[in-house]
Amino acid sequence: MRDVLGDLAAWYDAGRTFGLATVVGTFRSAPRPPGAVMAVAPDGEVVGSVSGGCVEGAVYELAQEVVASGRPVVQRYGVSDDDAFAVGLTCGGILDILVEPVGPATFPEFGDVAAAVQKGEPVAVATVVAGPGRIGARRVVWPDRAAGSLAPGAAHEDRLNAAVDDDARGMLAQGRTGDLRYGPEGERRGDDLTVFVRAFAPPPRLLVFGAIDFAAAVARVGKFLGYRVTVCDARPVFATAKRFPDADEVVVQWPHRYLAETEVDERTAIAVLTHDPKFDVPLLELALRTQAGYVGAMGSRRTHDDRMARLRAAGLTDAELARLRSPIGLDLGARTPEETAVSIAAELVQTRWGGSGRPLGTTSGRIHR
C-alpha cells in the first residue's frame with residue numbers, strides 16, 4: 001500500500017469514501033502477495049493492483065458496490081473456466097480479497113495510519129476476514145497503543161483485542177503480514193475466527209560499505225526493492241551525496257565504527273564492496289555477529305580465501321563464517337556494475353524467500369512459495 005498511499009491519503013483528507021481491496025489470502029501460484037491493494041475513488045479512478053490484471057475488472061465493480069452499500073465483503077477469485085472472458089486467475093492460483101469502504105466515517109483511524117506509514121513509524125491494521133465475528137471489524141495497533149475493536153460490544157471483546165494486540169506487535173517487529181486464527185471467543189487455541197494483519201514496518205535497511213561505482217548501482221537496485229539504503233565509506237572524497245543520488249543517506253566514517261553504532265535486525269542486509277582488508281576484516285568481524293539477515297562481501301575467489309583466513313585468525317567460528325555470502329551475488333555471469341547489482345539483488349530476494357536460485361524451468365512445484 002505504500003506505493004499508492006499518497007493518493008489514498010489525499011482522497012481521505014478530502015472527505016471522500018473510496019473502495020479499498022486488499023489481498024488477504026493466497027493459494028497456489030497467486031500473482032500478488034497478501035497485503036497487495038487496489039483502490040477505487042468515487043470518480044472511478046483506480047490505483048494499485050491485486051492480481052496483475054486477472055480480476056481487476058470484477059474487483060473494480062465490487063468496490064463500487066461496497067462503497068454504495070457501506071458493507072465490507074471478502075470475495076474469493078479462483079481458476080477461470082473454459083470461457084476466456086470468465087473472471088478468474090489463469091495462473092491457477094486462488095485469491096481471497098477483502099473489499100471495504102474507507103473514509104472518515106468508516107475508518108476514523110486511517111489518517112493516523114497513513115501519517116505513521118509516511119513517517120516510517122511502525123503500525124499494524126488487524127481486520128476480521130472470516131468466522132463468527134463481523135467482517136471488516138478492525139483494530140489499529142501501534143507499539144505502545146491501539147484503537148478500534150475487533151468485536152465491538154461482545155462479551156469477549158477485551159480478550160480478543162488483547163490477544164491480537166500482542167500477536168500483531170510480534171508480526172510488526174518481524175515486518176510480517178498475514179493472518180491469525182483464534183477460537184470463537186478469542187482463544188488462541190482455535191481456528192474459527194480469522195484476523196488479517198497488515199504490518200507497516202519501517203522499510204528494511206540495506207547498508208552498502210564502499211563508495212565505488214558498484215555501490216551506486218547496488219544503491220539504485222536496493223532502493224527499487226524497497227530498502228532504506230545507506231552508503232558508508234571512510235573517504236570523504238568518494239562518499240558524497242552527488243555520487244549516490246539513490247541512497248537515503250551517505251555516511252563518511254570508518255565502516256566498522258559506523259556499524260557498531262547502527263541498529264541491525266534480521267531484516268537488515270549488509271553488502272561489503274570495499275574488498276580491502278583494512279576495511280573488510282574489522283567490518284565483517286562485527287557484521288557476522290549481528291542479527292543481519294544477509295551479509296555479503298565482494299571480491300575474487302583469492303580475495304575470499306584471504307579474507308576467510310583473516311577472519312578465522314580474528315576468532316570467528318565456522319558457524320559465523322558460514323553466514324557470509326562471498327563472493328557476493330548469484331552466478332549470472334555479471335560484468336558491469338549494473339549487472340553485478342542485479343546479481344546481488346537476486347541473492348537478496350533468494351535469501352528472503354528461500355528460492356533455489358535455479359532457472360524456474362528446471363524446477364518443479366509451486367513458483368510462489
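Positions that come from UniProt are given here in the numbering used for this structure, and such annotations may be inferred rather than shown by experiment. With that in mind, the UniProt record, an unreviewed entry, lists residues 206-348 as "domain: XdhC Rossmann", and it places a further feature, "domain: XdhC- CoxI", at residues 11-78 and 117-183. The model in front of you is a predicted one, and every value below has been computed from it.

It helps to begin with the whole chain before turning to its parts. The protein contains ten helices and 16 strands, and its C-alpha trace spans about 65 × 50 × 45 Å along the principal axes. A compact globule of 369 residues would have a radius of gyration near 21 Å, and the 23 Å found for this protein agrees with that expectation. Of the 369 residues, 46% count as buried. Contacts also reach across the sequence: among those between residues at least 6 apart, 57% join residues at least 24 apart.

The two annotated stretches can be described in similar terms. Residues 117-183 are 31% helix and 30% strand, and the C-alpha atoms at the two ends of this span lie 31 Å apart. Over residues 206-348, by contrast, the chain is 41% helix and 17% strand, while the end C-alpha atoms are 10 Å apart.

Within residues 206-348, helix 5 is a good place to look at how a helix is packed. Helix 5, which runs over residues 213-224, has twelve residues and reaches 17 Å from its first C-alpha to its last, close to the 16 Å expected at 1.5 Å a residue. Which of the residues in helix 5 are buried? They are A215, A216, A217, V218, A219, V221 and G222, and what covers them includes strand 11 (205-209), strand 12 (228-233) and helix 10 (337-353). After helix 5 comes G226, whose phi is positive, near 100°.

Two single residues show how a buried position can be described by its neighbours. A239 is placed in the loop between strand 12 and strand 13, and because its relative accessible area is 6%, A239 counts as buried. Leaving out residues up to four places away in sequence, A239 touches A211, D233, F244, V250, V251 and V252. The C-alpha atoms of A239 and T363, which are 124 residues apart along the chain, are separated by 42 Å. The other residue, S343, is found in helix 10 and is buried, with a relative accessible area of 3%. If neighbours within four places in sequence are set aside, S343 is in contact with G329, L330 and L332.

The loops hold some backbone details that are worth finding in the structure. S326 and P327 are joined by a cis peptide bond, with omega about -5°, and P327 lies in the loop between strand 16 (324-325) and helix 10. H275 lies in another loop, between strand 14 (269-272) and helix 7, and has a phi near 35°, which is a positive value in a residue other than glycine. With 41% relative accessibility, H275 counts as partly exposed.

Aromatic rings offer a last way through the model, and a search of the whole structure finds six aromatic pairs. One of them is formed by F107 and F110, an edge-to-face pair with 5.6 Å from centre to centre and 65° between the planes; both F107 and F110 are buried. What kind of pair do the rings of W254 and F279 form? Their centres are 5.0 Å apart and their planes stand at 40°, so this pair is tilted. W254 lies in the loop between strand 13 (249-252) and helix 6 (255-260), whereas F279 lies in helix 7 (residues 277-287), so the pair ties together parts that are 25 residues apart in sequence. W254 counts as partly exposed because its relative accessibility is 32%, while F279, at 8%, counts as buried.

F107 and F110 also belong to a wider group, since W11, Y12, F18, F107 and F110 form one aromatic cluster. Charged side chains meet rings as well: the charged end of R138 sits over the ring of F107, 3.8 Å from its centre, and R145 lies over the face of W142, at 3.9 Å from the ring centre.

Key
Residues numbered from 1 in each chain as written. Predicted model: local features only at pLDDT ≥ 70, side-chain atom pairs only at ≥ 80, totals over all residues. Heavy atoms only, no water. Phe/Tyr/Trp six-rings, centres within 6.5 Å; stacked < 30°, edge-to-face > 60°. Buried < 20%, exposed > 50% of the residue type's maximum accessible area, 1.4 Å probe, protein only. Helix = DSSP H or I, 4+ residues; strand = E, 2+ residues; numbered from the N terminus. Lys NZ or Arg CZ within 6 Å of the ring centre and 35° of its normal. Expected span 1.5 Å × (residues − 1). Contact = heavy atoms within 4.5 Å. Rg over C-alpha atoms; globule rule 2.2 N^0.38 Å.
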